[in-house]
Amino acid sequence: MPQHDAPILPAHRPGASRQTPEASDGLAPSRTARPWMPALLHTLGFLTVYLLAICTPWGQRAENALFDLGADGSEAAWIYPLSGAAYGSTPLPPMELSAKPTLMVGLAVIVVLTLVRLCWRQGCAALGVVILTTGGKEVLKSILPRPDLVGAPENLLDQGFPSGHTAIPAALTLAAVLVVSPRIRPYAAAAGVLWLACIAAASATMGGHRPSEVLGATLLACACYGLATWLLPPAAAPGVTRRPRALPALTLTSALAVALVSGARNDTLTRSLISAAAAFLCAALVWYAAIGRPVPTAPVRRPGPGQRHLMRH
């Protein structure tokens, strides 16, 4: 009797038919072997910036020297007409008196998105990121001293670490990433990164904050975001997001352009470039924290001749 080969069935992959809606939207699980590592690294970065820039004589001299590069004060900055410091001008949120209204509106938007999408855990985590970042910077300003190690003028001894104006866009951007739809997440992060680049550069170039202070605020926001995503259950934590291949390069290039324009001054190129560099670094930190690395795609393997013959039968 002729022998018939048993039909070859496709191998069953456990869990293949139990994909969550998050996974179908192009998200990989965000939990790794060390889910606490981002929060730890950003916290160490925050402490390193504080110790090097504020607690060392050469760090204080380097940043104080920036204020001597521009003789015209904040008026020489290109973005001065939008800062709210000029008489009758409308401040660019969250500059000047628009800081608290911007924060309140941002919190209200997070609450609305949470109610609409019914993402209660993500919404609580988003509110926690904003509250911890903005409240934490007030606490840190009071407990982290700025010792006078170089005999600086009195007007340079005010404690501004970390920057409150920079903390607001950084925290709201990372909070939005937690509550928006996974399909919109890369674009929400891109818009927030451009906003952050503008505010960080403006704060640094106009003399309201030093470069270390805008970096410290961004690292604080990233640390709070890392803590929130670590505490979330794996099913609720945002994963590595699929996005258009050109979006990261386009976003960071645009952030660099925004930082250069927002940090530009008429009287000093050095101070303009340093302010823009600090703002671009803030934008890159938030982009990487919010979106992460690209999702690896598995290579497609074509069946060999023997396998094609068996598949026909």
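How much of the protein do buried residues make up? Hello everyone, let me start there: of the 313 residues in the protein, 44% are buried. Please keep in mind throughout that this is a predicted model.

First, the overall layout. The protein has eleven helices and two strands. If you walk along the chain from the N terminus, the elements come in the order α-β-α-α-α-α-α-α-α-β-α-α-α. Then there is the question of how contacts spread over the sequence. Taking contacts between residues at least 6 apart in sequence, 81% of them join residues at least 24 apart.

Now I'd like to take you to helix α8, residues 211-231, and look at two of its partners. As a reminder, two packed helices are described by the angle between their axes and the distance between the axes.

The first partner is helix α6, residues 164-179. The axes of α6 and α8 come within 8 Å and cross at roughly 25°. Angles under 35 degrees count as roughly parallel, and α6 and α8 are therefore roughly parallel to each other. Their crossing is right-handed. Who makes the contact? On the α6 side you will find T166, A167, A170, A171, L174, V177 and L178, and on the α8 side V214, A217, T218, A221, C222, Y225 and T229. Sorted by character, the residues of this contact are eleven nonpolar, three polar and no charged.

The second partner is helix α5, residues 120-143. Here the axes of α5 and α8 are 9 Å apart, and the packing angle is about 140°. To count as roughly antiparallel, an angle has to be over 145 degrees, so α5 and α8 are classed as oblique to each other. This crossing, too, is right-handed. From α5, the residues A125, V129, L132, T133, G136, K137 and L140 meet L220, A221, C224, Y225, L227 and A228 of α8. The split for α5 with α8 is ten nonpolar, two polar and one charged. If you compare the two lists, A221 and Y225 of α8 turn up in the contact with α6 and again in the contact with α5.

Let's zoom in on some single residues, beginning with T229, which we just met in the contact with α6. T229 sits in helix α8 and is buried, at a relative accessible area of 15%. A polar atom of the T229 side chain lies 3.0 Å from the backbone oxygen of G226.

Another threonine, T173, belongs to helix α6. Is T173 buried or exposed? With a relative accessible area of 5%, T173 is buried. Its side chain reaches the backbone oxygen of P169 at 2.7 Å. Beyond residues up to four places away in sequence, T173 touches A189, G192, V193, W195 and V286.

Next, have a look at C282 in helix α10, residues 269-291. C282 is buried, and its relative accessible area is 0%. Which residues does C282 contact, leaving aside neighbours within four places in sequence? They are L196, A200, V214, L215 and T218. Among these, V214 and T218 are α8 residues that also take part in the contact with α6. The C-alpha atoms of C282 and A217 are 8.8 Å from each other, with their positions 65 residues apart along the chain.

One more pairing involves L44, which is in helix α2, residues 37-54. L44 is partly exposed, at 44% relative accessible area. Its C-alpha atom and that of A223 are separated by 9.2 Å, although the two residues are 179 apart along the chain.

Finally, some backbone details in the loops. The loop between α3 and α4 holds P94, and the peptide bond from P93 to P94 is cis, with omega near 5°. E96 lies in that loop as well. Phi of E96 is near 50°, a positive value in a residue other than glycine, and E96 is partly exposed with a relative accessible area of 42%.

Further along, the loop between α4 and α5 contains L118. L118 is not a glycine either, yet its phi is positive at about 55°. With a relative accessible area of 55%, L118 is exposed. And in the loop between α5 and α6 there is P162, where the peptide bond from F161 to P162 is cis, with omega near -5°.

Thanks for listening, and I'm happy to go back to any of these spots on the screen.

Notes
Residues are numbered from 1 along each chain as its sequence is written. This is a predicted model: local features need pLDDT of at least 70, side-chain atom pairs count only at pLDDT 80 or more; totals for chains, interfaces and linings use all residues. Side-chain values use heavy atoms; hydrogens and water are left out. Axes are lines fitted to C-alpha atoms, for helices over the stretch in contact, and angles run from 0 to 180 degrees between N-to-C directions. Helices (H or I, at least four residues) and strands (E, at least two) are DSSP runs, numbered from the N terminus. Angles under 35 degrees count as roughly parallel, over 145 as roughly antiparallel, 65 to 115 as roughly perpendicular and the rest as oblique. A crossing is left-handed if the near helix is turned anticlockwise from the far one by less than a right angle, and right-handed if clockwise. Contact means heavy atoms within 4.5 Å. Ala, Val, Leu, Ile, Met, Phe, Trp, Tyr, Cys and Pro count as nonpolar, Asp, Glu, Lys and Arg as charged, and the others, Gly among them, as polar. Buried means under 20% relative accessible area, exposed over 50%, partly exposed in between (1.4 Å probe, protein chains only). A polar contact is a pair of N or O atoms within 3.5 Å; within protein, one must be able to donate a hydrogen and the other to accept it, and residues adjacent in sequence count only if both atoms are side-chain atoms.
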